[in-house]
Amino acid sequence: MPQRPLTRQRVIPAAQIFMGLDFSTQGLKATFIDAAGQVLAEPAISFDTDLPEFKTQGGVHRHADGLTVTAPPLMWVAALDLLLARMQKANLPLARVAAISGSGQQHGSVYLRRGARARLGALDSRLTLRDQLQDVFAFDAAPVWMDSSTRAQCRERDAALGGAQAVAKLTGSRSYERFTGNQIAKIYRQHPEAYAATGHIALVSSFTASLLIGTYAPIEPGDGAGMNLMNIRTRRWAPAALRCTAPGLAKRLGPIAPSHKVIGRLSRYFTDRYGFAPRTAVIAFSGDNPNSLAALGLARSGDIAISLGTSDTVFGALSAPKPSAAEGHIFGNPINPQGYMALICYKNGSLTREAVRNEFAQCSWKAFEAALARTPEGNGGRIGFYFKEPEITPTVLKPGIYRFGPDARPARFTPEQNVRAVVEGQCLSMRLHGNNIGLVPQKILATGGASVNKSLLQVMANVFGTPVHVSSQPNSASLGAAYRALHGWHCARVRRFVPFAKVVRAVASFTVAAEPNRAKHCLYTAMLTRYAQLEKQVVL
Ligand code: XUL
């Protein structure tokens with residue numbers, strides 16, 4: 001991603017403004033809004049190109065075992081200074097920011113040495129964050145959501161807590177490799193001395209919030225649910241889940257705070273160095289998916305979002321969740337303290353579509369769309385599974401590509417058939433697994449980079465049999481964080497919880513991008529049974 005200028009910057013009003021930060025896998029974005037929810041500016045940086053010294057690819061380091069994926073936490077520290085310096089240079093009126101909230105890629109964990117809290121609270125605004133914080137980490141590599149290296153720890157958790165369904169019932173998800181509790185268990189087993197030296201464990205979201213408030217920030221229930229450690233109903237740490245992970249964990253994790261809470265005021269480092277106002281409120285940071293749910297204002301069951309990004313996710317709000325060991329996750333809902341959200345996550349999202357495009361469509365999205373247009377819906381009965389990465393849904397640890405002909409036997413595909421097969425396979429999988437956890441859409445809101453691809457959205461509309469809407473606002477996680485900053489600030493001002501929709505009225509507007517075709521929808525419904533059978537074969 002080339003360095004982006006401050007995009008869509010409008011005339012900034014004299015009144016208070018709100019900022020959302022999104023520490024995604026690939027970069028750091030910010031969204032500024034006014035009190036009416038209007039987007040004012042969206043500056044962004046990319047880790048690979050703006051901080052090349054960290055030598056990441058797509059914001060991560062993939063290790064030689066093919067399973068371990070980490071990112072350097074110091075890169076997130078450096079990114080914050082870099083983006084804020086650019087904002088200052090672009091004359092964004094940082095002094096008018098009344099509140100900040102944020103978003104982080106989910107599940108990633110940061111291990112801070114004893115004494116790091118004092119360092120956070122005594123930062124010198126004449127020096128960079130990076131220079132002052134480079135030695136606060138007990139590990140200079142943070143495991144991230146793409147990591148699949150904790151299968152053994154997942155088995156141990158399941159055994160300790162009474163099986164996969166019991167873990168799902170307690171924490172909202174069965175034990176997943178990328179979930180933070182399993183990553184902590186692995187670190188404790190493999191590096192007991194470094195674990196002993198760790199005074200605090202944060203998620204990407206709570207770590208980056210800690211930088212802003214100059215002390216350890218609490219974890220929030222939307223993101224905290226992605227750890228296999230939190231009781232999904234009480235939104236407190238589940239003692240049995242902590243016990244089977246590592247000793248002394250509760251004190252290293254600290255408290256869980258509601259999503260709308262003011263967790264602190266911006267530390268002097270930022271007010272002195274960048275000119276923010278001294279009492280700027282910081283609202284609890286959450287994960288990228290819960291923040292996207294906030295951006296889309298998803299309140300009713302039946303409104304489902306599909307985010308097509310580095311990870312593809314399918315999610316929606318739910319009032320009565322049924323956590324399942326088979327698939328999917330239940331998280332806390334960041335805009336409704338009593339509510340829940342359900343989510344299905346795929347590791348093979350944009351990068352896999354891109355790999356298929358590069359191999360079979362001359363590295364061009366135009367050629368990819370043309371190939372889709374030239375092939376019939378249903379691909380003449382051909383079905384393909386493209387796991388360029390180990391997959392989360394369904395669990396596949398070894399990458400591989402599987403192609404089946406109409407007779408369900410392994411087959412060769414033409415380049416065009418490969419293009420159609422990757423798109424149809426991904427949409428069928430989303431319908432199959434989403435339905436299994438109660439995500440049955442009446443309407444789909446598509447977001448993320450690939451939601452500009454009209455032919456892909458048409459396949460989605462036909463597979464699900466529902467209209468697909470898109471927003472003109474692509475940065476849903478940072479927008480959701482900005483909305484939550486406004487919401488949390490308002491709740492603090494009136495000293496009570498106010499429903500999100502009463503505060504944030506200007507949720508992004510959507511237009512219909514694809515309408516379903518009934519006959520084609522029937523064809524895909526028939527195909528779904530075969531897809532489910534073939535999926536069982538490739539997972540085994
Ligand atoms: C969700 C997940 C991914 C990351 C991507 O469970 O693992 O969507 O949040 O940043």
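Which residues do ring pairs link into a cluster? I shall begin with that question and then move to the spaces inside the protein. Please keep in mind throughout that we are looking at a predicted model.

The cluster consists of Phe385, Phe387, Tyr402, Phe404 and Tyr531, joined by ring pairs. Across the structure there are 12 aromatic pairs, and I have chosen two of them to describe. A pair of aromatic rings is characterised by two quantities, the distance of the centres and the angle of the planes.

The first of my two examples is formed by tyrosine 111 and phenylalanine 139, in an edge-to-face arrangement with 5.4 Å from centre to centre and 80 degrees between the planes. This pair links distant parts of the chain, since its members are 28 residues apart. Tyrosine 111 belongs to strand S8, residues 109-113, while phenylalanine 139 is in the loop between helix H4 (129-133) and strand S9 (142-143). Both tyrosine 111 and phenylalanine 139 are buried.

My other example brings together tryptophan 365 and phenylalanine 368, again edge-to-face, with centres 5.0 Å apart and planes at 80 degrees. Here both residues lie in helix H16, separated by three residues, or about one turn of the helix. How do the two compare in exposure, buried or partly exposed? Phenylalanine 368 has a relative accessible area of 0% and is therefore buried. Tryptophan 365, at 34%, is partly exposed, because buried would require under 20% and exposed over 50%.

Two arginines also deserve a mention in connection with rings. Arginine 178 places its charged end over the ring of tyrosine 176, at 5.6 Å from the ring centre. Arginine 235 lies over the face of tyrosine 340, where the distance to the ring centre is 4.7 Å.

I turn now to the empty spaces. Such space is found by rolling a probe the size of a water molecule over the atoms.

What is the volume of the largest pocket? The value is about 1000 Å³. Its lining comprises 45 residues, and those nearest the centre are Leu308, Gly309, Thr310, Gly448 and Gly449. Several elements give two or more residues to this lining, among them strand S2 (27-34), strand S16 (303-308), helix H14 (288-296) and helix H19 (476-494). Helix H15 provides the largest share, namely four residues. In character, the lining of the largest pocket has 15 nonpolar, 22 polar and eight charged residues. At least three lining residues come from each of domain 1 (17-284) and domain 2 (297-475 + 510-540).

Besides the pocket, the whole structure contains three cavities of 30 Å³ or more. The largest cavity has a volume of about 150 Å³. Of the 14 residues that line it, Tyr386, Phe387, Gly425, Gln426 and Tyr531 lie nearest its centre. Two names here return from my opening: Phe387 and Tyr531 also belong to the ring cluster. Strand S20 (383-387) and helix H17 (415-436) each contribute at least two lining residues. The lining of the largest cavity is made up of seven nonpolar residues, six polar and one charged.

The second largest cavity has a volume of about 100 Å³. Where does the second largest cavity lie with respect to domain 1 and domain 2? Both domains give residues to its lining, so this cavity lies between them. The lining residues include Trp145, Asp147, Lys347 and Glu391. Tyr176 and Arg178, the ring and charge I described earlier, line this cavity as well. Its lining divides into four nonpolar, two polar and six charged residues.

I close with some details of the backbone. The peptide bond from threonine 393 to proline 394 is cis, with omega near -10 degrees. Proline 394 is situated in the loop between S20 and strand S21 (400-404).

Two residues other than glycine have a positive phi: asparagine 91, near 60 degrees, and glutamine 362, at about 45 degrees. Asparagine 91 is in the loop between helix H2 (73-89) and strand S7 (97-104), and glutamine 362 is in the loop between H15 and H16. Are these residues buried or exposed? Asparagine 91 has a relative accessible area of 64% and is therefore exposed. Glutamine 362, with 64% relative accessibility, likewise counts as exposed.

Terms used
Residues are numbered from 1 along each chain as its sequence is written. This is a predicted model: local features need pLDDT of at least 70, side-chain atom pairs count only at pLDDT 80 or more; totals for chains, interfaces and linings use all residues. Side-chain values use heavy atoms; hydrogens and water are left out. On a 1 Å grid over the protein atoms alone, a cavity is a set of points where a 1.4 Å probe fits but cannot get out, and a pocket is an open set with protein on both sides within 12 Å along at least five of seven lines; lining residues have an atom within 4 Å of a point. Grid points are joined across faces, edges and corners, and a volume is the space filled by probe spheres set on the points. Ala, Val, Leu, Ile, Met, Phe, Trp, Tyr, Cys and Pro count as nonpolar, Asp, Glu, Lys and Arg as charged, and the others, Gly among them, as polar. Domain bounds come from an automatic or database domain assignment. Rings of Phe, Tyr and Trp (its six-membered ring) pair if their centres lie within 6.5 Å; planes under 30 degrees apart count as stacked, over 60 as edge-to-face and the rest as tilted. Buried means under 20% relative accessible area, exposed over 50%, partly exposed in between (1.4 Å probe, protein chains only). A charge sits over a ring if NZ of Lys or CZ of Arg is within 6 Å of the ring centre and within 35 degrees of the ring normal.
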